[in-house]
Amino acid sequence: MSNSKSLADIRRDYSRHELDESQVAADPLIQFERWFNEALDAQVMEANAMHLASVSSDGRPSGRMVLLKGLEDEHFIFYTNYQSQKGKELEENPACCLTFFWPELERQVRIEGLATRVAVETSDTYFKSRPRGSQIGAMASPQSAIIKDRKILETRFADLEQKHAADSSLNRPKQWGGFQVKPHLIEFWQGRPSRLHDRIRYLREDNGWSLQRLAP
């Protein structure tokens, strides 16, 4: 890259907060809720945006951003098209990783776990809560499929709008729904000066969670 020297010079020292074992909750889900609420209070842009990493059945990793839409019964919930690349990969290999990054607070949370589909009723309820345009968009898009051009999507969207113009509510398409990730590892990262960052990792055990400090 022509500007590789300037890239090497990009750095920032972190000093807003600290993270110590004596400060965190014994339950990482409670700790996550604390940090998430602080991100909301700080008006972090898209605080519920998270990077989802999945792995195909032949071991090829892929990643993308999705939105957290629920934290229930120790599960992180998001929604997608089951026929998309991530949907297929999670069906083939449920092992995945979620990562939140809140730069305004100099914080990161990394979650490793297994993904399963949420109950049909849960997907139905959430679908009905979405704006009508988002509902039709989910019906119109063959997510991750190769298409010739954008006009195909716009035509499908318009056709579905016309087809369902008289319908007061729309039913969830069967290929669209939620996944829930049950974590077995949650790591909290707090930026600190001189790259001596704080890292606290929780590991799920038979009788609860264990807590460890990691070197940065």
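## A tour from helix 2 to the strands

Start by selecting Gln43: this residue follows helix 2 and has a positive phi, near 55°. Helices here (H or I, at least four residues) and strands (E, at least two) are DSSP runs, numbered from the N terminus.

Before moving on, a word on what you have open. This is a predicted model, in which local features need pLDDT of at least 70 and side-chain atom pairs count only at pLDDT 80 or more, while totals for chains, interfaces and linings use all residues. Residues are numbered from 1 along each chain as its sequence is written, and side-chain values use heavy atoms, with hydrogens and water left out.

**Helix 2.** Now select the helix itself. Its 14 residues should span 20 Å at 1.5 Å a residue, and the end C-alpha atoms of helix 2 are indeed 20 Å apart; the expected span is 1.5 Å times one less than the number of residues. Next, colour Pro28, Leu29, Gln31, Phe32, Trp35, Phe36 and Ala39, which are buried (under 20% relative accessible area, with exposed over 50% and partly exposed in between; 1.4 Å probe, protein chains only). They lie on the same side of helix 2, because they cover an arc of only 155° around the axis, taken from the directions from the helix axis to the C-beta atoms. At the N-terminal end, show Asp27, which caps helix 2 with a side-chain oxygen 2.8 Å from the backbone nitrogen of Leu29.

**Strands 1 and 2.** Go to strand 2 (residues 61-67) and display its side chains. Ser62, Arg64 and Val66 point to one face and are buried, whereas Pro61, Gly63, Met65 and Leu67 point to the other and are not. In a regular strand, the side chains alternate between the two faces of the sheet. Add strand 1, which pairs with strand 2 in the antiparallel sense over seven bridges; two strands pair if DSSP finds at least two bridges between them. Pick out Ala49 and its bridge partner Leu67 in strand 2. In the hairpin of these strands, with five residues between them, stop at Gly59, where phi is positive, near 85°.

**Strand 5 and its neighbours.** Select residues 95-102 next. Six of the eight residues of strand 5 are buried, so this strand is largely enclosed by the rest of the structure. Strand 1 (residues 49-55) pairs with strand 5 in the antiparallel sense over four bridges, and Leu98 is the bridge partner of Leu52. Strand 6 (residues 107-117) also pairs with strand 5 in the antiparallel sense, over eight bridges. Finish at Trp102, which stands opposite Arg107 in strand 6, and at Glu106 in the hairpin of strand 5 and strand 6, where phi is positive, near 55°.

Methods:
Polar contact = N/O pair within 3.5 Å; in protein donor to acceptor, adjacent residues only side chain to side chain.
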